[in-house]
Amino acid sequence: MIRRHTPRANRTILVATILLALPVLAALVSLVWTPYNPIPVNAGERMLAPGASHPLGTDSFGRDIVSLLMYGARISLTVGFVAVAIALVIGVPVGVLSGMRGGRVDQVLMRLTDVVLAFPALLLMIVFGAAFGANTTSATIALGIAAAPAFARLSRAGTLQVMSRDYITAARSANRGGLYIARRHVLPNIASLIVVQASVAFSMAVLSEAALSYLGFGAAPPTPSWGRMLQEGQAYLYNNPLLVLWPGLAIALTVLALNLLGDGLRDRFDPRRVAQR
Amino acid sequence: MLPAFVRRAATLVATAVVASMAVFWLLSVVPGDPAQVALGLNASPDALAAQRAAMGLDQPLVLRYLDWIGGLFRGDFGVSVVSKLPVGPEILDKVQVTLTLVFCALVVALVIALPVGILSAIRARSADGVVVSAASQVGMSVPGFLVGMLLVTVFSVRLGWFPAGGWVAPSDNFLEFLRHVTLPALALGAVQAAVLTRYVRSAVLEILREDFIRTARSKGLRPLQALVVHGLRNAAVPVLTVTGVQLAAMLVGAVVIERVFVINGLGSMLLDRVGSRDMVAVQGIVMVLVLLVLVINTLVDVLYTAIDPRLRTRVSQ
Amino acid sequence: MTRTHRRATTLAVAVITATLALSACAGSAPNDSSTNTLTVALQASPLNLDYTTSAGAAIPQALLYNVYEPLVKLDDAGEIIDLLAVSHTVSDDRLTYSFTLQPDVTFSNGTPLTADSVKFSLDRLKTDWTTASAAQLSSISSVDVVSDTEVTITLSAPDNTFLYNLAGPAGTIFSPDAVSDLAGTAVGTGPYEVESYATASSLELVANTDYWGGTPGLDAITINYFADTNAQSNALLSGDADAIVGLSSPQLLTQFGGDDRFAITEGTTNGEVVLSMNNARAPFSDVRVRQAVRYAIDNQAVLDTVQQGYGTLIGSMVPPTDPWYTDLTADFAYDPDRARELLAEAGQTSLDVSFAIPNQPPIVAAAQVVQSQLAEVGITATITTLEFPSVWLDQVFTRADYDLSLVNHVEPRDIVQFSTPGYYFGYSNPDADAILAAAISGTNEQFVQGMTDYARLISDDAAAEFLYLLPQLNIAVSGVTGLTENSTSQSIDLTGVTRTN
């Protein structure tokens with residue numbers, strides 16, 4: 001009665017992938033080409049309405065909005081990707097080690113995790129920005145560090161479950177080393193948990209980067225980022241609300257896609273939850 | 001029970017102390033000379049040196065840390081290097097504002113999430129359930145400050161129903177307080193409502209599947225009655241757990257919302273003092289925020305271990 | 001619909017309706033305009049109440065003239081008029097200034113204003129002041145009490161800027177009994193007193209009913225501070241404030257135009273937006289490179305993009321309101337070809353420079369336009385935003401670790417800083433210094449001519465690029481009268497404000 005793959009889970013993943021394709025493609029294409037150069041100011045073309053030459057119009061500096069959004073996608077996705085990578089690289093080994101070794105190692109590592117967990121992502125980003133300069137690098141590193149404890153806890157919980165199974169005892173008695181067990185048994189089994197968490201962390205990273213840029217701590221000008229577009233557009237909310245609408249939509253779309261992806265993957269990997277949908 | 005509680009408390013304190021070291025070290029690396037800020041343009045090098053000595057900036061790091069942490073234990077947060085006024089009372093004032101805002105946002109979130117989540121779980125197979133699911137997905141994806149900006153533009157500037165910003169304490173004038181807190185609480189709480197709705201729905205669905213609920217229903221009780229009579233207590237725990245996690249997230253979200261609505265809470269104070277390199281104040285504020293998060297996290301952990309370990313992975317953020 | 005569902009829905013609807021009704025009821029309560037008070041929305045907030053030891057334009061903006069008074073003040077046209085001094089005379093050698101004080105003036109703590117208060121206040125400049133404005137009166141050599149109401153100030157050398165600077169914060173008269181806690185309490189002779197100050201939030205002023213100049217126009221003034229200019233204008237739109245003085249984002253003006261609830265005025269300021277070039281090191285130690293930068297900038301385009309056209313183009317660091325203003329805007333008119341020529345001459349055809357700016361939105365916006373225009377002539381300027389004031393003060397102002405910077409210089413008549421040793425401009429020109437010194441100590445005609453020459457020299461030598469002069473944009477609800485249209489001093493002068501509604 002309980003099926004591993006249901007049409008619903010697959011459908012969610014499909015929708016998510018389609019939605020995510022837009023920002024991802026935009027980011028990738030922006031590496032080689034954008035309709036216009038989004039950096040230079042064109043004083044003569046400010047605040048144009050959407051039209052033939054500029055499908056979404058221009059901003060207060062005369063820059064093409066489509067190009068700005070594409071460039072902004074690059075920033076948001078890069079920050080998210082690298083931050084999640086950092087969090088993975090720090091968090092998973094810590095969690096697995098903690099779960100496998102137990103005892104003092106576990107205690108110490110989990111206490112350290114608690115300390116990091118006490119620093120919410122945005123707070124850490126602000127403090128890092130103040131300490132090391134407000135730019136995407138410090139923001140990404142801060143995000144990665146702030147997201148790591150979730151991965152650590154998750155990996156630890158998953159590892160503990162795996163370690164209690166019979167084939168581990170068998171492997172142990174066959175004198176298999178920790179690293180082998182980790183690679184062969186633990187990691188494949190916790191992979192699904194990590195993947196789901198990764199997409200959740202990614203979406204939180206995109207939101208946090210936008211908030212940070214809005215506060216003025218994020219990407220340095222004139223680099224366009226969706227959050228900065230929101231901050232710059234706020235002053236024109238009365239004259240031209242589109243300046244806020246486009247980046248807002250971009251953020252919402254990307255975060256929605258990532259959340260849906262996480263949901264779909266969660267459903268696909270956890271058969272118990274399937275029946276609830 | 002008691003030894004576990006004492007152990008938890010001890011862990012909390014130990015974690016807080018380590019966190020304080022991290023805070024102090026991080027902020028000591030921050031560039032910008034507080035003496036320069038205090039004295040401003042054209043201050044002579046002698047005056048600057050004297051100012052630095054007065055601020056205690058020329059002592060070794062460890063001594064300054066011990067000085068500071070000792071003060072914290074006594075409740076003395078130090079004197080702001082730029083405003084020359086004690087930091088503690090100001091933090092106390094502002095933390096009340098932020099906590100009140102967060103509490104109101106939580107109320108908004110629960111008022112939306114509980115009925116919507118419960119109802120949509122009961123009607124899981126009908127169109128309602130899908131709509132709620134989709135709506136909550138979209139709601140989670142929009143940045144809170146964008147919601148705030150739009151709320152201000154529509155309800156405050158265009159319609160004039162609510163003030164565009166500012167804060168009135170509930171003890172000063174409750175009606176004015178309600179007027180000022182409505183939009184920011186909505187902005188902060190709406191996004192969290194979306195998140196909570198999903199968890200409420202998920203928890204209720206889970207409960208509805210349980211055997212004892214089926215038994216109750218087979219006895220002839222309607223779904224809502226079965227839920228209330230048998231399942232609510234069980235559903236409450238995972239929801240409470242998630243609420244705790246969201247509380248910590250809302251505390252930080254308040255930083256951005258305070259900027260949009262010009263509310264002088266801890267978040268505004270933090271951004272302001274970071275800009276003026278008022279390290280004493282920033283240390284104090286960060287420490288207070290960290291302590292609040294730690295306390296919330298500890299409470300959530302306690303709830304965690306009280307429930308079915310299966311749910312631990314499911315409700316992980 | 002099941003019964004429970006209907007009940008729940010009804011309950012929800014009731015709750016929501018009640019909340020909206022409650023808020024709407026509260027929301028429709030009109031602003032209490034029956035009391036004679038004013039709420040002003042400003043941006044930068046004072047660190048505390050003491051401008052003798054704490055920096056920042058916000059403190060004198062709030063307290064000068066409103067709470068504290070000097071012997072003379074600057075009026076809305078920038079003219080020096082008597083204030084605490086009922087009259088003054090200047091000796092022929094221009095070394096001695098004699099002031100007769102207003103009779104029966106008391107500080108807000110009840111103590112009387114006497115010549116002793118004046119001597120006390122001016123003597124403190126050398127010993128207790130740590131902020132830079134004290135140096136403006138460094139030409140004072142002694143202050144002598146002649147009688148209770150007469151005081152003479154002797155200068156060490158003739159100083160044409162003396163009386164003007166005496167009208168500024170440095171000339172503030174304090175009560176000798178009340179300087180122990182200047183940061184927390186302000187005891188002055190002005191028409192308003194400080195009732196309370198919530199740091200970075202709001203300053204409450206209340207009328208000084210014993211004011212020597214007659215009953216103040218308002219019973220109380222509340223100054224609310226907004227870090228964000230959008231929030232500041234929203235406050236005015238939604239009725240939470242009565243006036244904005246010095247709106248920094250002109251694009252918000254369109255929300256107020258055509259709305260007869262509000263009156264908008266545009267006046268002048270002393271705020272020059274200066275694109276500074278580090279004269280002390282390469283590449284900007286080469287005058288040709290500096291001149292190239294001046295030619296490369298299309299000031300009108302920057303003004304239009306950032307300020308929606310509000311503001312005045314200036315050729316040197318002199319506002320049109322100063323007596324020695326000459327229109328030098330044509331001297332370095334936009335000419336990118338000439339810029340490229342000069343750069344080629346100097347052998348700098350593809351420059352890479354740092355552009356360290358404060359993270360204030362109007363500055364960040366202007367910097368992006370400037371960067372774009374510089375790129376057209378082959379100069380790559382990499383922008384770094386620094387927190388203002390702290391990091392900018394440290395890195396750019398004190399350590400001069402920058403190539404290009406962009407900052408609003410608000411103080412009146414601050415072109416003299418080009419001759420201040422160690423100033424962050426890094427400009428060092430003994431000829432210019434000589435011209436300035438002669439102007440300051442010369443006759444009045446020599447003063448105006450000397451300053452004119454000085455300004456021209458600074459411009460010709462491209463010591464910096466002067467993007468534009470900021471306008472003073474005030475918005476007030478109709479019925480508020482007496483707000484000074486121009487910003488001529490370091491004060492936001494509210495002493496003449498009254499309400500007719």
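1. Placement of P283(C). P283(C) sits in the loop of chain C that runs between β12 (262-277) and α6 (287-296). The model is predicted, and the geometry at this position deserves a comment. The peptide bond joining A282(C) to P283(C) is cis, with an omega of about -5°. As a general matter, most peptide bonds are trans.

2. The helix that follows this loop. How many of the ten residues of α6(C) are buried? Eight of the ten are, so α6(C) is largely enclosed by the rest of the structure. The buried residues are V289(C), R290(C), Q291(C), A292(C), V293(C), R294(C), Y295(C) and A296(C). The cover over these buried residues includes β12, α8 (336-345), α9 and β16 (464-477) of chain C.

3. Surroundings of V353(C). Strand β13 of chain C, residues 351-358, contains V353(C). V353(C) counts as buried because 20 other C-beta atoms lie within 10 Å, and 20 or more is the criterion for that class. Leaving aside residues up to four places away in sequence, V353(C) touches P283(C), I379(C), A381(C), D403(C) and L404(C). P283(C), the proline of the cis peptide bond with A282(C), is thus one of the residues that V353(C) touches. V353(C) and Y402(C) are separated by 49 residues in sequence, while their C-alpha atoms are 8.5 Å apart in space.

4. Positive phi in chain C. Y65(C) is not a glycine, yet has a positive phi of about 70°. Most residues other than glycine have a negative phi. Y65(C) is placed in the loop between α2 (58-63) and β2 (72-74) of chain C. Is Y65(C) buried or exposed? Y65(C) is buried, because 28 other C-beta atoms lie within 10 Å and the threshold is 20 or more.

5. Positive phi in chain A. A positive phi, about 50°, is also found at M47(A), which is not a glycine. M47(A) belongs to the loop between α1 (7-30) and α2 (65-101) of chain A. M47(A) has 16 C-beta neighbours inside 10 Å and therefore counts as partly exposed. The two positive-phi positions described here can be set side by side: Y65(C) is buried, whereas M47(A) is partly exposed.

6. Overall form of chain C. Chain C has twelve helices and 18 strands. Along the principal axes, its C-alpha atoms fill a box of roughly 90 × 65 × 35 Å. Does the radius of gyration of chain C, set against that of a compact globule, agree or disagree? A compact globule of 501 residues would have a radius of gyration near 23 Å, and chain C has 26 Å, which agrees. Of the 501 residues in chain C, 51% are buried. Among contacts in chain C with a separation of 6 or more, 70% are between residues 24 or more positions apart.

7. Domains of chain C. The domain assignment for chain C gives domain 1 (58-171) and domain 2 (269-470). Their centres, taken over C-alpha atoms, are separated by 32 Å. The contact between them takes seven residues from domain 1 of chain C and seven residues from domain 2 of chain C. On the domain 1 side, the contact residues are three nonpolar, three polar and one charged.

8. Contact between chains C and A. Chain C provides 21 residues to this contact and chain A provides 15 residues. Which elements of chain C give two or more residues to the side that touches chain A? They are α5 (229-237), α7 (299-307), α9 (361-376) and β14 (379-386) of chain C. The most comes from α9(C), with seven residues. By class, the chain C side that touches chain A has seven nonpolar residues, 13 polar and one charged. The helix α9 of chain C appears in two settings: α9 is among the elements covering the buried residues of α6(C), and α9(C) gives the most to the side of chain C that touches chain A.

9. Chain B. Chain B is made up of 13 helices and zero strands, so far as its secondary structure is concerned. Of its 317 residues, 51% count as buried. Contacts between residues 24 or more positions apart account for 71% of those in chain B with a separation of 6 or more.

Technical notes
Residues numbered from 1 in each chain as written. Chains lettered and ligands numbered in written order. Predicted model: local features only at pLDDT ≥ 70, side-chain atom pairs only at ≥ 80, totals over all residues. Helix = DSSP H or I, 4+ residues; strand = E, 2+ residues; numbered from the N terminus. Nonpolar A, V, L, I, M, F, W, Y, C, P; charged D, E, K, R; others polar. Domains from an automatic or database assignment. Buried ≥ 20, exposed ≤ 12 C-beta atoms within 10 Å, placed from the backbone. Rg over C-alpha atoms; globule rule 2.2 N^0.38 Å.
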